[in-house]
Amino acid sequence: MPMTLAQRLIHARTESGYSEAADAARKAGITPSALYQLENGTTKSLRGSTAGKLGRVYTGFRVEWLIDGSGPALSDGPILPASYGETPPGYVRFRVMEGEASGGYGTVNEDFPEVVQEMDIAEWQVRSQIGFVPEKDRVKLVTVRGDSMYPDIKNGDVVMVDVCRNFFEGDGIYLINLSGYTLVKRLQMLHDGLHIISTNAKYRSQVIAPDEIESIHVAGRVLGAALLRRAEEF
């Protein structure tokens, strides 16, 4: 049986880490009484700016689903809020790395990206992406630019990088630095050396001979497949 409007809003609020409606209302910029009336069924419809404000607060939930239950509840690519102060209950804080990793021919960054910002993501979203909640500072976020890893990774995707796995450990997608270029590529070891592979067929793979493998620095392993997607700059 489909959820009522009240049930959808209560579900979205609690899954977004707000145990109290008043806290969610204040965060969204609406009055607590307005949200109470929506959640207890007194107000029968969700419209206009109120829907948009709640959609921004209930991270990952589609505004259309909040309004009338149409389509999936969760968006494919939630826009994630930057965080300040303490981490809210039910959220995990990630550090965002400065600079960009290229999904093309390479992005020149000074050394490796440095942390300049933090972001809070709901625990359920983290588990759905990578299967576990990592300990502090193990996983960091970095933006990928370019289309060489399409469709696995699209231009503007935000990938989760396990910086504790800063070594080659078998076939997988890694954040690497090669000759001053920061790249996100698939690495695969074959008989003739280490292959740096692009998913997009229009890009040629590169082979690093066994005696030159030390020229590659592995900064971390990319976790997950769908990854995080954002529609605009942080």
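## Contacts of leucine 38

A contact is defined here as heavy atoms within 4.5 Å. In this predicted model, and leaving aside residues up to four places away in sequence, leucine 38 touches Leu5, Ala6, Leu9, Thr43, Ser45, Leu46, Thr50 and Leu54. A second, separate core of 13 residues includes Ala101, Val144, Met149 and Val159.

## The chain as a whole

The secondary structure of the protein chain amounts to six helices and ten strands. The chain has 234 residues, of which 42% count as buried. Its exposed area is about 12200 Å², and carbon and sulfur atoms supply 50% of that area.

Among contacts in the protein chain with a separation of 6 or more, 59% are between residues 24 or more positions apart.

## The largest nonpolar core

The largest nonpolar core contains 19 residues, and those with the most contacts inside it are Leu9, Leu35, Leu38, Leu46, Leu54, Tyr58 and Leu66. At least two residues of this core come from each of α1 (5-15), α2, α3, α4 (48-57) and α5 (63-68). Helix α2 provides the largest share, four residues.

## Helices α2 and α3

Helix α2 spans residues 21-28, and its buried residues are Ala21, Ala22, Ala24, Ala25 and Ala28. Viewed down the axis of α2, the buried residues fall within an arc of 160°, so they line one face of the helix. Arg26 and Lys27, on the other side of α2, are exposed. Glycine 29 comes just after α2 and adopts a positive phi of about 85°.

Helix α3 comprises residues 32-39, with Leu35, Leu38 and Glu39 buried. These residues cover an arc of only 95° around the axis, which puts them on the same side of α3. Glycine 41 follows α3, and its phi is positive, near 90°.

## The pair β4 and β5

Strand β4, residues 139-145, is mostly covered, with six of its seven residues buried. It pairs with strand β5 (residues 157-162) in the antiparallel sense, over five bridges. Within this pairing, lysine 140 stands opposite valine 161 in β5.

## The hairpin of β6 and β7

Strand β6 runs over residues 172-178, and seven of its seven residues are buried. Both faces of β6 are covered: one side carries Gly172, Tyr174, Ile176 and Leu178, and the other carries Ile173, Leu175 and Asn177.

Strands β6 and β7 run antiparallel and are joined by seven bridges. One of the bridge partnerships links leucine 175 with valine 184 in β7. The two strands form a hairpin with two residues between them, and serine 179 in the turn has a positive phi of about 55°.

## Threonine 182

Threonine 182 lies in strand β7, which covers residues 181-190. Buried means under 20% relative accessible area. Threonine 182 has 1% relative accessibility and therefore counts as buried. Its side chain makes a polar contact with the side chain of asparagine 177, at 3.5 Å. Asparagine 177 is itself among the buried residues of β6.

Threonine 182 and alanine 219 are separated by 37 residues in sequence, while their C-alpha atoms are 9.2 Å apart in space.

Notes. Residues are numbered from 1 along each chain as its sequence is written. This is a predicted model: local features need pLDDT of at least 70, side-chain atom pairs count only at pLDDT 80 or more; totals for chains, interfaces and linings use all residues. Side-chain values use heavy atoms; hydrogens and water are left out. Buried means under 20% relative accessible area, exposed over 50%, partly exposed in between (1.4 Å probe, protein chains only). Two strands pair if DSSP finds at least two bridges between them. The arc is that of the directions from the helix axis to the C-beta atoms. Accessible areas come from the Shrake-Rupley method with a 1.4 Å probe; for residues, only the protein chains shown count as cover. A nonpolar core is a set of buried Ala, Val, Leu, Ile, Met, Phe, Trp, Tyr and Cys residues joined through side-chain atoms within 4.5 Å. A polar contact is a pair of N or O atoms within 3.5 Å; within protein, one must be able to donate a hydrogen and the other to accept it, and residues adjacent in sequence count only if both atoms are side-chain atoms.
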